[in-house]
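Student: I am new to this structure and should like to understand the terms used to describe it. May I put some questions to you as we look at it?

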Amino acid sequence: MVFYIPLLQPHFKHIEIGDTLTSLWSGCGSIVQCQLDDEPCVVKAIKIPSHIHHPKIKQSEVALKRKQYSYSVECTFYKLYSPHLPKHAQSIECIGAINKDDEYALVFKDFTKHGFTKAGPQHVKAILKWLAHFHAFNLSKPADGLWQQGNYWHLSTRPDEFNKLSEHADKKSDIRSAAHKIDKILQTSHYKTLIHGDAKLANFAADEQSEILGYDFQYVGAGAGIIDVMYFMTSCFNDKQLHDHADEYLAYYFTHLKSALKIYQPTIDADDVTAQWQALWPLAWADFYRFLAGWSPEHFKINSYMLKQVNITLASNI
């Protein structure tokens, strides 16, 4: 019997397991289609191994604990946070977040049966609007049970990658020297919200009306919303597209952020939020570069647009 069946049995009378859609990161489980009490569902079945097999991440206690906690965070998010999200920042619908020790079964309604498919490049603006509403709705809310610093690459959770920077010279050495200051500025932003933390294009679904659903909330937690926007753009645009269009899409996000803040946070100065997060734009890029440079120095996301933002950050004498 597969490990997640006993997790499901107390909650569902009729269980029919279907196809495995994909495996989770580095042997942590799988995503499986199923029928649960005649409802088409998808189960994210998680069982964290005692050893991580990944070509770019060495086995360490930090790496293992990071992954273990990420699934605890995701379970908490679907239990306590996702049911309260506003219409324009919905997640996929979780009908069961079940946990026993280091095993999880997250049960979702199959969004493909409700008119949704995985989002594509044509949905970039719709997802930026989703992010604006998600950030505005959650502004200044506590991240209880979530990451106290959202995203998977922040400095305190990546000591192995940070230490690798000492092996390099030039810009990597410069970013290593500035890393703690950059991290502190991002952490101490006056306006903190909940960020998705892994807001890449692949973690959103869309319908024909460009309504958006978010998923994969393993790294949701406190942070400045601009961090999500930066990371999202890295998943959508190549170097030329970033040079040509990043400012346009950033302005689009801030337009919707201001509108959303008027709805959810009418006493907050939306112009001030925008100004402060806009100022963090190059630092968010520099922070992500610090991670990539230590994790995968030849990564395709390290391009001239990113390096331009790094240079702006380093030249600012932070």
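Student: How many helical turns separate Asp 287 and Arg 290 in helix H9, and why?

Tutor: Let me say at the outset that this is a predicted model. Asp 287 and Arg 290 are separated by about one helical turn, because they are three residues apart in helix H9.

Student: What makes the contact of Asp 287 with Arg 290 a salt bridge?

Tutor: The term requires a side-chain nitrogen of Lys or Arg within 4 Å of a carboxyl oxygen of Asp or Glu. The closest N and O atoms of Asp 287 and Arg 290 are 2.9 Å apart, so the pair meets the rule of 4 Å. Both Asp 287 and Arg 290 are buried.

Student: How do you know that Glu 161 forms a salt bridge with Arg 158?

Tutor: The closest N and O atoms of this pair lie 3.0 Å apart, and the cut-off is 4 Å. Glu 161 and Arg 158 are likewise buried. In total, the structure holds eight salt bridges.

Student: Why is Lys 240 called exposed?

Tutor: Exposed means over 50% relative accessible area. Lys 240 has a relative accessible area of 57%, and therefore it is exposed. Asp 244, at 43%, does not pass that mark and is therefore called partly exposed. The side chains of Lys 240 and Asp 244 meet in a salt bridge, with 2.5 Å from N to O. Both residues belong to helix H7 (residues 239-264), where they are four residues apart, about one turn of the helix.

Student: Which residues are linked in a network of salt bridges?

Tutor: Lys 44, Glu 74 and Asp 216 are linked in this way.

Student: May we turn to the strands? In what order do the five strands of the open sheet stand?

Tutor: The order is E1-E2-E3-E6-E5, and the pairing is antiparallel. Neighbouring strands of this sheet are turned by 20 degrees against each other on average, direction ignored.

Student: What makes E1 and strand E5 (94-100) edge strands?

Tutor: Each has a single partner strand, so one side of E1 and one side of E5 are left without a neighbour in the sheet.

Student: How do you know that E2 and E3 pair?

Tutor: Pairing calls for at least two bridges between the strands. E2 and E3 are joined in the antiparallel sense over eight bridges, so the requirement of at least two is met. Within E3, Val 43 is the bridge partner of Val 32, and Pro 40 stands opposite Gln 35. The hairpin of E2 and E3 has two residues between the strands, and Asp 37 there takes a positive phi near 50 degrees.

Student: How many bridges join E1 to E2?

Tutor: There are six, and the two strands run antiparallel. The bridge partner of Ile 17 is Cys 34 in E2.

Student: Why is E2 described as largely enclosed by the rest of the structure?

Tutor: Six of the eight residues of E2 are buried, so the description follows. Buried here means under 20% relative accessible area.

Student: What is the volume of the largest cavity, and what makes it count as a cavity?

Tutor: The largest cavity has a volume of about 70 Å³. A cavity is a space where a 1.4 Å probe fits but cannot get out. The count comes to one cavity of 30 Å³ or more. Its lining includes Gln 149, His 154, Lys 192 and Asp 287. Helix H5 (171-187) and strand E11 (221-223) are the elements that give two or more residues to this lining. The lining divides into four nonpolar, six polar and two charged residues.

Student: How much space lies in the largest pocket, and which residues are closest to its centre?

Tutor: About 1,100 Å³ of space lies in the largest pocket. Of its 44 lining residues, Asp 198, Lys 200, Asn 203, Asp 216 and Gln 218 are the closest to its centre. H2 gives the most to the lining, with six residues. By kind, the lining holds 23 nonpolar, nine polar and 12 charged residues.

Student: How much space lies in the second largest pocket?

Tutor: That pocket holds about 250 Å³ of space. Among the residues that line it are Ser 82, Gln 90, Lys 109 and Leu 213. Its lining divides into six nonpolar, four polar and two charged residues.

Definitions and conventions: Residues are numbered from 1 along each chain as its sequence is written. This is a predicted model: local features need pLDDT of at least 70, side-chain atom pairs count only at pLDDT 80 or more; totals for chains, interfaces and linings use all residues. Side-chain values use heavy atoms; hydrogens and water are left out. On a 1 Å grid over the protein atoms alone, a cavity is a set of points where a 1.4 Å probe fits but cannot get out, and a pocket is an open set with protein on both sides within 12 Å along at least five of seven lines; lining residues have an atom within 4 Å of a point. Grid points are joined across faces, edges and corners, and a volume is the space filled by probe spheres set on the points. Ala, Val, Leu, Ile, Met, Phe, Trp, Tyr, Cys and Pro count as nonpolar, Asp, Glu, Lys and Arg as charged, and the others, Gly among them, as polar. Buried means under 20% relative accessible area, exposed over 50%, partly exposed in between (1.4 Å probe, protein chains only). Axes are lines fitted to C-alpha atoms, for helices over the stretch in contact, and angles run from 0 to 180 degrees between N-to-C directions.
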